[in-house]
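Visitor: Please choose one part of this model and describe closely how it packs against its surroundings. I should like each term to be given with its cut-offs.

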Amino acid sequence: MPQSELHDRRKTKNWVLMGALVAFITIVFAVTIIKMAVAP
Amino acid sequence: MDTAPVTETKIADHIALLKPRVMSLVVFSGLCGMLAAPGHINPFLGAVALLALAIGAGAAGAINMWYDRDIDAVMKRTRNRPIPAGLVNSSEALGFGVVLSIVAVMLMALAAGWVAAAILAFANLFYSIVYTMWLKRRTPQNIVIGGAAGAFPPMIGWAAVTGGVDAASIVLFLLIFFWTPPHFWALALFSSDDYRLANIPMLPVIKGPRETKRQMLAYTIVLFPLAVAPYYLGVGGVGYLIASAVLGLLFILSALRVMKEPDGQTRAARQMFGYSVFYLFAIFAALVADGTYVTFF
């Protein structure tokens, strides 16, 4: 089945959403580690 | 009211929902509040706090665009926004805004503590509910009271470092609070036809340009002592005092030029609008350049 522009756009959006979720998880993980390191 | 059926949106349209230009001013003032505050924040935590601030501001912008989609479609200045242009579905925009608001507050709480997160949550709710849904379409004082939402970022940046609120951070809040009316009324003076068309009771539409110009001048005069106050509170140095005084005098002069301009003309109002944006960037830049507590991490 040929890929339509709609499919392409949806695929791009899904990749961006996955990237955003991975970034969010990474940030939360990194913040937690730093907070534990600097905690008195 | 969606103006056209939406099939699949582009990422760029979602970014446009976040009002990137407004976001840049929010991030800049938040960063300046952070740098000017006494104390220290881990650079990574500071960067995450700024990211949360940016996401929070963008989310509030998306919710605003969702609610105002009917009037945005009428006004020339806003009719190309993603929802009235039929590029993003309105309910998708609302979901996008709400999810990002929650993510922003969570990130802020994690990185910078509950005080900064609470102020961010309050600012978002204030902008979305008090300003957008309640005041904007009801009173000519809409942007005076609603302007508080845009005045919180330096206070959030300050709270991210100090963990609290004090006199200096309240002065930074008041600085933006009193800057907002002359800034928006300058815009409204040359866009009053648009606002009239959309039935938004902006001051020039309700009270006319004369009264608007008088009030703009009054706000620039009140702003002057507030802008120099950080020097007397020990947050800014002599360089800041001089810069804020000069910038404040020029702001008053630009308001006087608007006062002198005949009511049918808008050249001075356009120039004042441009200067008001420069003023805010310059005054916060001066605070960082000559701040008493500024340490670049």
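Guide: What follows concerns the packing of chain A on chain B, and then the helices of chain B. The model is predicted: local features need pLDDT of at least 70, side-chain atom pairs count only at pLDDT 80 or more, and totals for chains, interfaces and linings use all residues. Residues are numbered from 1 along each chain as its sequence is written, while chains are lettered from A and ligands numbered from 1 in the order in which they are written.

Chain A contains 1 helix and 0 strands (DSSP runs numbered from the N terminus: H or I of at least four residues for helices, E of at least two for strands). Its C-alpha trace spans about 60 × 10 × 5 Å along the principal axes. Of its 40 residues, 0% count as buried (20 or more other C-beta atoms within 10 Å of the residue's own; exposed is 12 or fewer, partly exposed in between; C-beta atoms are placed from the backbone).

Between the chains, 13 residues of chain A are in contact with 12 residues of chain B (C-beta atoms, placed from the backbone, within 7 Å). The side of chain A that touches chain B comprises 9 nonpolar, 1 polar and 3 charged residues (Ala, Val, Leu, Ile, Met, Phe, Trp, Tyr, Cys and Pro are nonpolar; Asp, Glu, Lys and Arg charged; the others, Gly among them, polar).

Helix α1 (residues 5-38) of chain A packs on α5(B) at an angle of about 20°, with axes 10 Å apart (axes are lines fitted to C-alpha atoms, for helices over the stretch in contact, and angles run from 0 to 180 degrees between N-to-C directions). The two helices are therefore roughly parallel (under 35 degrees; over 145 is roughly antiparallel, 65 to 115 roughly perpendicular, the rest oblique). Their crossing is left-handed (the near helix is turned anticlockwise from the far one by less than a right angle; clockwise is right-handed). F24(A), I27(A), V28(A) and V31(A) meet V103(B), L107(B), L110(B) and A111(B); by class, this contact has 8 nonpolar, no polar and no charged residues.

Within chain B, α5 (residues 90-112) also meets α3 (residues 43-67), their axes coming within 7 Å and crossing at roughly 155°. α3(B) and α5(B) are therefore roughly antiparallel, and their crossing is left-handed. The residues of this contact divide into 22 nonpolar, 5 polar and no charged.

Key. Two residues are in contact if their C-beta atoms, placed from the backbone, lie within 7 Å.
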